[in-house]
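Biologist: Could you take a close look at one helix for me and walk me through how it sits in the protein? Plain words, please, I'm new to this.

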Amino acid sequence: MNEEVPDAVQAPDAAPAAPAGPAALGLVRTPTGHAGADAALERLADVDHLPADGHVEVYEDVHRGLRSALTALDATEGPRRYENRS
């Protein structure tokens, strides 16, 4: 019986293939119109050039930036609606 071995299967004595380098995912980031959120989202483009073990730092930075932008939206100037109740 002469079976063909698929290309993806390597012989046990073959050297392992070198891991692929970072590759851009090509995701489109649509601007939100909020400068703080847009800056944080643009930071995501940095992961296109990093190996996977570098992604966590970028994701945490983006999370902090988005959280900061959302917190700023909650901060209002002047008294809040029910703060001046008597």
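Modeller: Sure, let's start with the whole thing: the protein has two helices and zero strands, where helices (H or I, at least four residues) and strands (E, at least two) are DSSP runs numbered from the N terminus. Keep in mind that this is a predicted model, where local features need pLDDT of at least 70 and side-chain atom pairs count only at pLDDT 80 or more, while totals for chains, interfaces and linings use all residues. Residues are numbered from 1 along each chain as its sequence is written, and side-chain values use heavy atoms, with hydrogens and water left out.

Of the 86 residues in the protein, 13% are buried, meaning under 20% relative accessible area, while exposed is over 50% and partly exposed is in between (1.4 Å probe, protein chains only). Now zoom in on α1, residues 35-43: its buried residues are Ala37, Asp38 and Ala40. Looking down the axis of α1, these buried residues fall within an arc of 160 degrees, so they line one face of the helix; the arc is that of the directions from the helix axis to the C-beta atoms. Flip to the other side of α1 and you find Ala35 and Ala39, which are exposed. Here's a handy rule: an α-helix has 3.6 residues a turn, so residues three or four places apart point the same way.

And what does the buried side touch? The buried residues of α1 pack against α2, residues 55-74, with contact meaning heavy atoms within 4.5 Å.
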